[in-house]
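Please open the structure in your viewer and keep the selection panel at hand. The tour moves from the whole chain to its parts, and then to single residues.

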Amino acid sequence: MTGYADDLALAHRLADAADAISMARFGALDLRVESKPDLTPVSDADTAVEREIRALLAEQRPDDGLLGEEYGATAATGARQWVVDPIDGTKNFVRGVPIWATLIALLEQGRPVAGVVSAPALGRRWWAARGTGAYAGPDATRGEAIRVSGVRELADASLCYSSLGGWEEAGLLEPVLQLMRDTWRSRAYGDFYGYMLLAEGALDVMIEPELSLWDVAALVPIVTEAGGTCTDLAGRPAPAGAETSAVASNSLLHSDILDRLARPAAR
Ligand code: IPD
Ligand code: CA
Ligand code: CA
Ligand code: CA
């Protein structure tokens with residue numbers, strides 16, 4: 001048992017409550033979808049899941065801080081903060097694609113120490129806390145240890161990304177396209193799913209030019225405990241702030257990827 005066993009158990013209970021709400025709304029004919037100021041969609045499921053998690057955390061961990069995508073941060077707190085993305089993959093959710101998840105992270109002094117990722121429409125959950133190893137299964141009671149791949153060569157590697165637009169804005173579209181040519185294959189699965197496939201050893205590298213803290217905080221402990229490495233493009237531990245670039249890999253390929261994306265002019 002680690003020092004985070006109670007926190008992980010609580011995160012699983014939060015995920016159970018989230019799953020009940022989100023699955024009742026997934027595919028519902030009366031799902032309400034609005035557009036946020038940044039023109040991305042938000043549904044009544046996103047807001048209902050976050051409200052439920054906030055209520056449960058206020059009851060169970062009144063002294064901890066909380067940041068959620070839809071309702072923001074609670075007032076200043078001590079060293080511990082929960083970070084929640086109520087539905088990651090809202091565009092999939094509103095179109096009936098089952099690749100979406102509730103992401104729940106616990107941070108200490110700004111570093112993620114525990115994470116639960118629950119994807120009920122896929123029938124799958126992933127979790128880890130510092131020092132426990134990473135697990136996946138249909139629910140918290142049926143987890144099996146997971147591990148990143150042993151792929152060492154880019155030519156044998158599967159690369160995952162979310163979309164190409166952000167790389168264009170970052171001025172790195174050409175090196176990313178070259179990476180795609182040089183890897184065995186590349187796929188866009190969306191963020192949480194790419195990270196979880198990486199943690200399971202089903203793909204080897206995940207790259208993102210810009211993510212918010214709630215997109216990545218729960219994913220980092222799972223990938224790290226599965227033997228992977230998560231940094232930003234400069235090689236600093238991810239998440240490197242409220243907005244962060246993100247490179248995750250099976251560790252073996254990490255420096256190759258950072259080199260490729262750090263020196264575009266040299267290519
Ligand atoms: C989005 C997803 C998507 C990524 C976007 C995120 P949301 O989160 O993670 O894969 O490309 O940058 O905003 O809005 O569905 O929680
Ligand atoms: Ca969103
Ligand atoms: Ca998200
Ligand atoms: Ca979200």
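The stops below each begin with a selection and then state what is found there.

**Stop 1. The whole protein**

Please note at the outset that this is a predicted model. Display the protein as a cartoon: the chain forms 9 helices and 15 strands. Its radius of gyration is 18 Å, close to the 18 Å that the globule rule gives for 267 residues, so the protein is as compact as a globular protein of that length. Along the principal axes, the C-alpha atoms occupy a box of roughly 55 × 45 × 35 Å. If the display is coloured by burial, 47% of the 267 residues count as buried. Among contacts between residues at least 6 apart in sequence, 60% join residues at least 24 apart.

**Stop 2. The two domains**

Select residues 5–146 and colour them as domain 1, then select 154–266 and colour them as domain 2, as the domain assignment gives them. The centres of the two domains, taken over C-alpha atoms, are separated by 22 Å.

Next, turn to the place where the domains meet. How many residues of domain 1 are in contact with domain 2? There are 31, and they meet 19 residues of domain 2. On the domain 1 side, at least two residues each come from β3 (65–68), β5 (80–88), β6 (101–108), β7 (111–119), β8 (124–129) and β9 (133–137). Select β7 in particular: this strand gives the most to that side, with 6 residues. By residue class, the side of domain 1 that touches domain 2 has 21 nonpolar, 6 polar and 4 charged residues.

**Stop 3. The surroundings of ligand 1**

Select ligand 1 together with the residues around it: Thr40, Glu69, Asp85, Asp88, Gly89, Thr90, Ser162, Ser163, Gly190, Asp191 and Asp215. Which classes of residue make up this shell? It holds no nonpolar residues, 6 polar and 5 charged. With the domain colours still on, one sees that domain 1 and domain 2 each contribute at least three residues to the shell.

Now compare this selection with the database record. In an unreviewed entry, UniProt lists Glu69, Asp85, Ile87, Asp88 and Asp215 under "binding site". These positions are spread over 147 residues of sequence, yet they cluster in space, with a largest C-alpha distance of 9.6 Å.

**Stop 4. Two aspartates of strand β5**

Select Asp85, which lies in strand β5. Is Asp85 buried or exposed? Asp85 counts as buried because it has 31 C-beta neighbours inside 10 Å, where 20 or more are required. Leaving aside residues up to four places away in sequence, Asp85 touches Glu69, Leu103, Trp214 and Asp215.

Move along to Asp88, also a residue of strand β5. Asp88 is buried too, with 26 other C-beta atoms within 10 Å. With the same sequence neighbours left out, its contacts are Trp100, Ala101, Leu103, Asp191, Phe192 and Asp215.

**Stop 5. Asp46 in helix α2**

Finally, select helix α2 (residues 44–60) and pick out Asp46 within it. Asp46 counts as buried, with 27 C-beta neighbours inside 10 Å. Beyond residues up to four places away in sequence, Asp46 touches Glu70, Pro86, Ile87 and Thr90. To close, draw a distance from Asp46 to Ala218: these residues are 172 apart along the chain, and their C-alpha atoms are separated by 17 Å.

Terms used
Residues numbered from 1 in each chain as written. Chains lettered and ligands numbered in written order. Predicted model: local features only at pLDDT ≥ 70, side-chain atom pairs only at ≥ 80, totals over all residues. Domains from an automatic or database assignment. Contact = placed C-beta atoms within 7 Å. Helix = DSSP H or I, 4+ residues; strand = E, 2+ residues; numbered from the N terminus. Nonpolar A, V, L, I, M, F, W, Y, C, P; charged D, E, K, R; others polar. Near = placed C-beta within 6 Å. Rg over C-alpha atoms; globule rule 2.2 N^0.38 Å. Buried ≥ 20, exposed ≤ 12 C-beta atoms within 10 Å, placed from the backbone. UniProt positions renumbered as here; feature names shortened; annotations may be inferred.
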